[in-house]
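The report below describes a single protein model, moving from strand pairing to the core and then to individual residues. Please keep the sequence and the structure in view while reading.

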Amino acid sequence: SVKAILPENQRTANISYFDVKLLPKEETTFQVEIENHSEATKTYEIKLNAATTNMNGVINYGAPGEDEERDSSLKINFGEIANTEPLVSIEAGAKKNISIHVSMPNEVIDGVILGGITIFEAEEIMINSHNYLFIYLEIDNKVRRFVVTEKELKYFSREFKVFYGWE
């Protein structure tokens, strides 16, 4: 589970997200608690994203798809003014606080900078003794097979869904 640890300068109490007003050049650090309810150590990946809206006007706080372009009206991208450690490991049954550091731009912002913090379990891809593996990815609604060496793994996007492991 994930829980925002609300700061003292929180504008709205009793909510589950950060709502603060920051000045130009101001820096702050937010805390998020991640709890691992499983019986094994887990590694979680953390992404910081600018919020977007879809064609129906619904707000999306997740990472944009690879083919999505940012709208020209986006002046400040939350993912570019905030940073955190990209991976965190948490022992079974334990909790850990992560820090998200935000550095406001120099200019006054007319509006709101809206962003999302996405936390999900990181995929562990293991290499066999031959130093390669076969992975199957769904691309354009077709399952395709790839032979991947350890060095090539970094070029595969985590956005793909891996169906099978070893052969």
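## The sheet around β3

Strands β3 and β9 run antiparallel and are joined by seven bridges, where two strands pair if DSSP finds at least two bridges between them. Within this ladder, L48 has I117 of β9 as its bridge partner. The model is a predicted one, in which local features need pLDDT of at least 70 and side-chain atom pairs count only at pLDDT 80 or more, while totals for chains, interfaces and linings use all residues. Residues are numbered from 1 along each chain as its sequence is written, and side-chain values use heavy atoms, with hydrogens and water left out.

The pairing of β3 with β9 belongs to an open sheet of three strands, ordered β7-β3-β9 and antiparallel in its pairing. Because β7 and β9 (115-121) stand at the edges with a single partner strand each, one side of each is left without a neighbour in the sheet. Neighbouring strands of this sheet are turned against each other by 25 degrees on average, direction ignored; the axes behind this angle are lines fitted to C-alpha atoms, for helices over the stretch in contact, and angles run from 0 to 180 degrees between N-to-C directions.

## Overall composition

The secondary structure comprises one helix and 11 strands, arranged along the sequence as β-β-β-β-β-α-β-β-β-β-β-β. These elements are DSSP runs numbered from the N terminus, helices being H or I of at least four residues and strands E of at least two.

Of the 167 residues in the protein, 25% are buried, a label that means under 20% relative accessible area, with exposed meaning over 50% and partly exposed in between (1.4 Å probe, protein chains only). The protein exposes about 11900 Å², of which carbon and sulfur atoms supply 48%; the areas come from the Shrake-Rupley method with a 1.4 Å probe, and for residues only the protein chains shown count as cover. Among contacts (heavy atoms within 4.5 Å) between residues at least 6 apart in sequence, 64% join residues at least 24 apart.

## Strand β8 and the core

Strand β8 pairs with β2 in the antiparallel sense over nine bridges, and in this pairing I34 stands opposite K96. Two bridges also join β8 to strand β6 (residues 82-83), again antiparallel, with A82 opposite V102.

The largest nonpolar core has 17 residues, and those with the most contacts inside it are V88, I98, I100 and V102. Such a core is a set of buried Ala, Val, Leu, Ile, Met, Phe, Trp, Tyr and Cys residues joined through side-chain atoms within 4.5 Å. Two or more residues each come from β2 (27-35), β3 (42-50), α1 (78-81), β7 (87-90) and β8 (95-103). Leaving aside residues up to four places away in sequence, I98 touches F30, Q31, V32, I34, I46, T84, E85, V88 and I119.

## F30 and G116

The structure holds one aromatic pair, formed by F18 and F30 and tilted, at 4.5 Å centre to centre with 35 degrees between the planes. Rings of Phe, Tyr and Trp (its six-membered ring) pair if their centres lie within 6.5 Å, planes under 30 degrees apart counting as stacked, over 60 as edge-to-face and the rest as tilted. Since F18 lies in the loop between β1 (2-5) and β2 and F30 lies in strand β2, the pair ties together parts that are 12 residues apart in sequence. F30 counts as buried, at 7% relative accessibility.

G116, placed in strand β9, is also buried, with a relative accessible area of 4%. Apart from residues up to four places away in sequence, G116 touches K47, L48, N49, Y61 and F78. The C-alpha atoms of G116 and G79 are separated by 8.4 Å, although these residues are 37 residues apart along the chain.
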